[in-house]
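Reader: Could you take a close look at one part of this model for me, the helix packing, and then follow the chain outward to the backbone and a few single residues? I work with computed geometry every day, so please give me cut-offs along with the words.

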Amino acid sequence: MMYQSFFTQELERLRHEKRYRTFLNLERCVGEFPYAISGDSKQKITVWCSNDYLGMGQHSQVRKVMIETLKRSGTGSGGTRNISGNTYSHVALEKTLSDFHQKEASLVFTSGYVANETTLATLGSCLPECVFLSDEKNHASIIHGIRNSRAQKKIFRHNDVSHLKELLSSTPLHQPKIIVFESVYSMDGDVSPMREICALAKQYNALTYLDEVHSAGLYGSQGGGMAQDLGTSNDIDIIQGTLGKAFGLIGGYISGTKELIDFIRSFAPGFIFTTSLPPAIVAGALVSINYLKNNAQPRKQHQFNTNYLKKKLEEHGLPYLRNESHIVPLIVGNAQKCKEVTDRLLHHYKIYIQPINYPTVPVGTERLRLTPSALHTPQMINYLVQALVEIWKDLSLPQAA
Ligand code: PLP
């Protein structure tokens, strides 16, 4: 086997398909978000594709407690939770998350990806004869968790409750079932029919597993996510989330009953066999969550900015996908053109948006995923839309139908 030539050949294939990913080197500067410095050119650019939706990644209270904790406790946690990596902050964060999601208990992981992968893999491999019912647009971490469990899986068409019902009714009632879905889908920004899914789960005695990665902190009276907003928290058995988006840090978690959380704590390799999050991160997450629980203003501003951006895109006939969330997908429909749009935005307008291509989205639906934050101003929104209008015209891209 010619190893190096194999790697080169595969990378060449990606380049040929216009799917080779390049990253922009950024320097985030405190107090400046959504501005950042582009590493190569040292120019100030406006970021329009960050998941730091509420700007908590630079919040003064979060930074303060992190610096204090760093000075007091040092950098790393020193071990797995089992072996010397369990701090007061970890325990306090889990209690806070449980209150936040109105659940009995919670468990923190090193990322949202790990939380999904290891929880689903553990449930699927341990529950006898378990069957997953998984939405076809679920995130890669969910797909990998289910796959790694080696349990049976049935994929239902995206947000299609009738298809889910059909699959449930063809599964013996006594067989353990887990319905896995997201509240806000990360690439289309559409919202799942949570109430209907929960009703089916009850009818067919299935557990519900909800990924709230793109909604925790952003929706609900206290930021508890879409389940809180819809009043369905009690009907969801396992809520999963990240500390890396609305809360501005890194890490992931699940919340559920005491028994379920203790079970995952005791059996999940992705929890047991890895060093726990650094105390400063955990302390920062605690402050960030409490801040968002008690302050609705960032959420309101975020919604206001989202609606304003959508209104402006609408006025100019730019083809964005309609949805009920803050994720605004602007469809280009071609990988090469998508890259051309984002290159022009960066070089001519100092606007940074990463193109989204296959396999993240299907071929032919390549897009810009616009994520207005609570800190974008109306001027920034107007400037972005004006730039898009000019580029759309220059490249003769399709207008909204
Ligand atoms: N679930 C969804 C829907 C996501 O979009 C992501 C990340 O982008 C994750 C899970 C993983 O979360 P994290 O970035 O904390 O690993």
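Author: Happy to: what follows starts with helix packing, then turns to the backbone and ends with three single residues.

A quick word on the ground rules. This is a predicted model, in which local features need pLDDT of at least 70 and side-chain atom pairs count only at pLDDT 80 or more, while totals for chains, interfaces and linings use all residues. Residues are numbered from 1 along each chain as its sequence is written, and side-chain values use heavy atoms, with hydrogens and water left out.

Let us settle on α14, which spans residues 378–394. Helices here are DSSP runs of H or I with at least four residues, strands are E runs of at least two, and both are numbered from the N terminus. One partner of α14 is α12 (residues 297–315), whose axis comes within 10 Å of that of α14 and crosses it at roughly 30 degrees. Axes are lines fitted to C-alpha atoms, for helices over the stretch in contact, and the angles run from 0 to 180 degrees between N-to-C directions. The two helices, α12 and α14, are therefore roughly parallel; the classes are roughly parallel under 35 degrees, roughly antiparallel over 145, roughly perpendicular from 65 to 115, and oblique for the rest. Their crossing is right-handed, a term for a near helix turned clockwise from the far one by less than a right angle, with left-handed for anticlockwise.

Which residues build this contact? On the α12 side they are Asn305, Tyr308, Leu309, Lys312 and Leu313, and on the α14 side Pro378, Ile381, Asn382, Leu384, Val385 and Leu388; contact means heavy atoms within 4.5 Å. By class they divide into eight nonpolar, two polar and one charged. Nonpolar covers Ala, Val, Leu, Ile, Met, Phe, Trp, Tyr, Cys and Pro, charged covers Asp, Glu, Lys and Arg, and the others, Gly among them, are polar.

The other partner to look at is α13 (residues 335–349), which packs with α14 at about 125 degrees, the axes being 10 Å apart. That angle makes α13 oblique to α14. This crossing is right-handed as well. From α13 come Val341, Arg344, Leu345, His348 and Tyr349, facing Tyr383, Ala387, Leu388, Glu390, Ile391, Trp392 and Asp394 of α14. Here the classes are eight nonpolar, one polar and three charged residues. Leu388 appears in both contact lists.

Since you like geometry checks, here is one for α1 (residues 3–16): at 1.5 Å a residue its 14 residues should span 20 Å, and the end C-alpha atoms are 20 Å apart, which agrees. The expected span is 1.5 Å times one less than the number of residues. Just after α1 comes Lys18, whose phi is positive, near 60 degrees.

That brings us to the backbone. Most residues other than glycine have a negative phi, and most peptide bonds are trans. Ser84 has a phi near 70 degrees; it belongs to the loop between α2 (60–73) and α3 (88–100) and is exposed at 56% relative accessible area. The cut-offs are under 20% for buried, over 50% for exposed and partly exposed in between, with a 1.4 Å probe and protein chains only. Asn159, with a phi of about 60 degrees, is in the loop between β6 (152–156) and α6 (161–169).

Two peptide bonds are cis. The one from Phe33 to Pro34 has omega near 10 degrees, and Pro34 lies in the loop between β1 (26–28) and β2 (35–38). The one from Tyr358 to Pro359 also has omega near 10 degrees, with Pro359 in the loop between β13 (355–356) and β14 (367–370).

Finally, three single residues. Ile155 lies in strand β6 and is partly exposed at 41%. Beyond four places in sequence, Ile155 touches Ser134, Asp135, Glu136, His163 and Leu167; the C-alpha atoms of Ile155 and Leu167 are 8.5 Å apart, at 12 residues along the chain. Val131, in strand β5 (residues 131–135), is buried at 0% relative accessibility. Its contacts beyond four places include Gln152, Lys154 and Thr171, whereas Val131 and Val389, 258 residues apart in sequence, are 48 Å apart from C-alpha to C-alpha. Thr232 sits in the loop between α8 (226–230) and β9 (238–242) and counts as buried at 2%. Leaving out residues up to four places away, Thr232 touches Met194, Arg195 and Ala227.
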